[in-house]
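Visitor: I am new to this structure. Please show it to me, and let me ask where the descriptive words come from.

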Amino acid sequence: MIRSIFYKEWIKIGRISILLTIAGLLIIAGIYLTVRHDLLMKDAEIYWSDIVYQKYVYFSIFKFLPLLTGLLIGLAQFIPETIDKRIKLSLHLPINEEEIVLKMVGIGTTVILLIFALLFVTMYVWGLVYFPAEILNKTASSISGWFLSGIAAYFLASFVILEPIWKYRILYILTGGAFITLFYKSNLAGAYQPALLPLLGCVLMASISSLFSIYRFRKGEM
């Protein structure tokens, strides 16, 4: 059963996932080509000093890519389910309805985590060519917060799209938008390191949010 569900979900999100992964790798390549150019134009110690003391964020172009990734994969996965109430077919499979939805969300989450893991490792390992570990550790904490925003955006997208009542959809969009802004309050590298665990806890709680929408969908509320 899980194999057939995975196949169905991959048909919806496979192409966009590959395109977003390629886009992420190209952005990272662009970041480090720019870094290499800047290091050639000025002394490495001066460039590092700008990052450490002037709080220059050399990877700012990467900022919204995780958010866009989570949002687009969520849209690609769940909008087809709401067309002509196609989700009803999935909910009539011979397994628990909540289990079906959690497996769908779990598959999407797994794909996103694989994309983010590849991008994180690429960003960190490539960075070792140009920077000491102290700088890269701050980079890692910053992009980790952005990756969490992407996962949160995915969960919120599923929550909103599967919600059958429009007044609740609007409420969830406003609330979710306010929540997402928490991941972008500071532009300083490493600023979110103390907040990563609380933010992770909030994201984990959001992971089951789609069950509330499915509950109303199953009751036939419109």
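Guide: What follows is a set of questions and answers on a predicted model.

Visitor: What makes up the secondary structure of the chain?

Guide: The chain has nine helices and zero strands. Read from the N terminus on, the order of elements is α-α-α-α-α-α-α-α-α.

Visitor: How much of the chain is buried?

Guide: Of the 222 residues in the chain, 45% are buried. A residue counts as buried when its relative accessible area is under 20%.

Visitor: What share of the contacts in the chain with a separation of 6 or more comes from residues 24 or more positions apart?

Guide: Such residues account for 81% of those contacts.

Visitor: Let us turn to pairs of helices. Why are α1 and α3 called roughly antiparallel?

Guide: Helix α1 covers residues 2-41 and helix α3 covers residues 65-82, and their axes cross at roughly 165°. Angles over 145 degrees count as roughly antiparallel. The two helices α1 and α3 are therefore roughly antiparallel to each other. Their axes come within 9 Å, and the crossing in which α1 passes α3 is right-handed.

Visitor: Which residues make the contact of α1 and α3?

Guide: On α1 they are K8, E9, K12, I13, I16, S17, L20, G24 and I27. On α3 they are L65, T69, L72, I73, A76, Q77, P80 and E81. Sorted by class, this contact of α1 with α3 has nine nonpolar, four polar and four charged residues.

Visitor: S17 is in that list. Is S17 buried or exposed?

Guide: S17, which sits in helix α1, has a relative accessible area of 3%. The cut-off for buried is under 20%, so S17 is buried. Apart from neighbours within four places in sequence, S17 is in contact with W10, I73, V111 and I115.

Visitor: What makes α1 and α2 oblique?

Guide: Helix α2 covers residues 44-52, and α1 and α2 pack at an angle of about 125° with their axes 7 Å apart. Roughly perpendicular ends at 115 degrees and roughly antiparallel begins over 145. An angle of about 125° belongs to neither class, so α1 is oblique to α2. V35, D38 and L39 of α1 meet A44, Y47 and W48 of α2 in this contact. By class, the contact of α1 with α2 has five nonpolar, no polar and one charged residues.

Visitor: How do you know that α6 and α7 are roughly antiparallel?

Guide: The axes of helix α6 (residues 133-162) and helix α7 (residues 166-180) cross at roughly 175° and come within 10 Å. With the limit set at over 145 degrees, α6 and α7 are therefore roughly antiparallel to each other. From α6 the contact takes S149, A152, A153, L156, F159, V160 and I161. From α7 it takes R169, Y172, I173, G176, F179 and I180. The classes in the contact of α6 with α7 are ten nonpolar, two polar and one charged.

Visitor: Why is α6 described as largely enclosed by the rest of the structure?

Guide: Of the 30 residues of α6, 25 are buried, so α6 is largely enclosed by the rest of the structure. From its first C-alpha to its last, α6 reaches 43 Å, which is close to the 44 Å expected at 1.5 Å a residue.

Visitor: What about S141: buried or exposed?

Guide: S141 is in helix α6. The relative accessible area of S141 is 6%, and under 20% counts as buried, so S141 is buried. Beyond its neighbours within four places in sequence, S141 is in contact with G190, Q193 and L196. S141 and L196 are 55 residues apart in sequence, with 7.9 Å from C-alpha to C-alpha.

Visitor: Why is K55 called partly exposed?

Guide: K55 belongs to the loop between α2 and α3. Partly exposed runs between the 20% and 50% limits, and K55 has a relative accessible area of 39%, so the term applies. Not counting residues up to four places away in sequence, K55 touches D50, K138 and L188. K55 and L188 are 133 residues apart in sequence and 6.1 Å apart in space, C-alpha to C-alpha.

Visitor: And what term fits L68?

Guide: L68 lies in helix α3. Its relative accessible area is 41%, so L68 is partly exposed as well. L68 and Y154 are 86 residues apart in sequence, and their C-alpha atoms are 9.2 Å apart.

Notes. Residues numbered from 1 in each chain as written. Predicted model: local features only at pLDDT ≥ 70, side-chain atom pairs only at ≥ 80, totals over all residues. Heavy atoms only, no water. Axes fitted to C-alpha atoms, helices over the stretch in contact; angles between N-to-C directions. Helix = DSSP H or I, 4+ residues; strand = E, 2+ residues; numbered from the N terminus. Parallel < 35°, antiparallel > 145°, perpendicular 65-115°, else oblique. Left-handed = near helix turned anticlockwise from the far one by under 90°. Contact = heavy atoms within 4.5 Å. Nonpolar A, V, L, I, M, F, W, Y, C, P; charged D, E, K, R; others polar. Expected span 1.5 Å × (residues − 1). Buried < 20%, exposed > 50% of the residue type's maximum accessible area, 1.4 Å probe, protein only.
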